[in-house]
Amino acid sequence: MKSFLDQNFLLKNKTAERLYHDYAKDMPIIDYHCHLDPEQMAGNVNFKNLTEIWLKGDHYKWRAMRANGINEEFITGGKSDWEKFEQWALTVPYTLRNPLYHWTHLELQRYFDTHELLSPKTAESIYNNCTQKLQKPEYSVQSLITKMNVEVICTTDDPLDGLEHHQRIKGGNWPVKVFPAFRPDKAMNADDLKALNEYIDKLEAIENTSIASYEDYLITLKKRHDYFAENGCTVSDHGLEQLYAENFTGQEISAIFNKIRLQKELEPIEVLKFRSAMVYEFALWDHEKGWVQQYHIGALRNNNSRAYRETGPDTGYDSIGDFSQAMALSKFLNKLDSTNQLTKTIIYNLNPADNEIIATMAGNFNDGSVAGKIQFGSAWWFLDQKNGMTRQLNALSSMGLLSKLVGMLTDSRSFLSYPRHEYFRRLLCNLFGEDIENGELPNDIEWTGKIVQDICYYNAKNYFDFK
Ligand SMILES: [Zn+2]
């Protein structure tokens, strides 16, 4: 029997072990999409205890605790940090076979050198031991990231963000490169006219201009795109249920924009046209600047309205949606490609039933200009686990070129998530290792090792334009 989470975790044979230890393990990390807080990185803060760094904001853990029957008071409520941790420790032994079980113990091992299993019995000693370590300089946010061999981080930022924290990071002497990513979801959210108008008002104030028409809106928003570029941004990101690709005319969008400003309720088709116009416009800007555009599609968010009222968005009440993806995606990409304005693109689907759709769709728009120009992105969110990653890697292998994948990203809000890259690398090496030992791939460790290193690091390094 193998021991739990030892150095050959997830590696089922000698070839997989060699690929991981000799080729994958020491590759630096390029985390080209995550939700880490630039302010905390700029301030190089130390978290005051293990709950603060590990449980706060972690909706994966919160969902597990709720499923385990833990009262919300101990999750997002007013209980003390220790009381919350106690309930988490009580929950962990019940997370067997959920990725949380692996992540939890990988994170305890890699960051804190703690090899005990978390349970009510070990809760107090683990909490005290880790909390003590968190006070030390080598457990500051920057040190934690450096320790994981991270080279590049792209955060996720609203166009209205001033990026002052990014500027502070850049001005410091931390060798990790941190770039913003342009995520304009709020700029096109015509479902909530009050919020959209407030957003437009804020944009007016920031850019010290007045926005009286759709044309003004685009001109002013584009200044933010330019500002992001001046601050090192080379990637955009969009969280969408599906690609919006309804036909529209300039006149229609101008009229819709005027209705938005007057807060006159829009027809669903008008919302769709507005979104289609905006997402297309952003894609043109991304192409103009040679950015990489990313689309995270397929989440059905805020399903529980009671919980939404009480705890707000991103607190663990989202799930996988079953939106139809292929037609709109085809139409959107084709429209851009037909005028030669399709930039490098990564598409991440949340519904695993869409894996093959995305894998084959990407192949329609590769044009020989850049290797892997249109990427079927790594398994994301609910799929960021053993089964989900394996399915994504297999679909991509069968229908595209796995060897050109730009690899893994954390997509995380937590500073302790970097072992997700290790997890991905182990699974990747295991897939190749098993094929080699089964005689399905040649026993050429050197070549396969090079491919593994490309997927873990070099493909991303070449694909993105990080300076
Ligand atoms: Zn994300």
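Here are some questions and answers about rings, charges and a metal site in this predicted model.

Q: How many aromatic pairs does the structure hold?
A: Let's start with how such pairs are described: you look at the distance of the ring centres and the angle of the planes. Going through the structure for aromatic pairs gives a total of 24.

Q: Are the rings of tyrosine 457 and tyrosine 458 stacked, tilted or edge-to-face?
A: Their centres are 4.9 Å apart, and a pair needs centres within 6.5 Å. Their planes meet at 70°, and over 60 degrees has its own label. So this pair is edge-to-face.

Q: Which of these is buried, tyrosine 457 or tyrosine 458?
A: The cut-off for buried is under 20% relative accessible area. Tyrosine 458 comes out at 35%, so that one is partly exposed. With just 5%, the buried one is tyrosine 457.

Q: Which residues do ring pairs link into a cluster with Tyr32?
A: Ring pairs can join up into a group, and Tyr32 belongs to one. Its partners in the cluster are Phe179, Tyr463, Phe464 and Phe466.

Q: Which ring does the charged end of arginine 420 sit over?
A: Look for the ring whose centre is 3.7 Å from that charged end. It belongs to tryptophan 103.

Q: Which residues coordinate the zinc ion?
A: The donors follow the spacing H-x1-H-x375-D along the chain, so look for two histidines and an aspartate. The histidines each use NE2, the aspartate uses OD, and the distances are 2.0 to 2.1 Å. That gives His33, His35 and Asp411.

Q: Is histidine 33 buried or exposed?
A: Its relative accessible area is 1%, and under 20% counts as buried. So histidine 33 is buried.

Conventions:
Residues numbered from 1 in each chain as written. Predicted model: local features only at pLDDT ≥ 70, side-chain atom pairs only at ≥ 80, totals over all residues. Heavy atoms only, no water. Phe/Tyr/Trp six-rings, centres within 6.5 Å; stacked < 30°, edge-to-face > 60°. Buried < 20%, exposed > 50% of the residue type's maximum accessible area, 1.4 Å probe, protein only. Lys NZ or Arg CZ within 6 Å of the ring centre and 35° of its normal. Donors = N, O, S within 2.8 Å, 3.2 Å for Na, K, Ca; no water.
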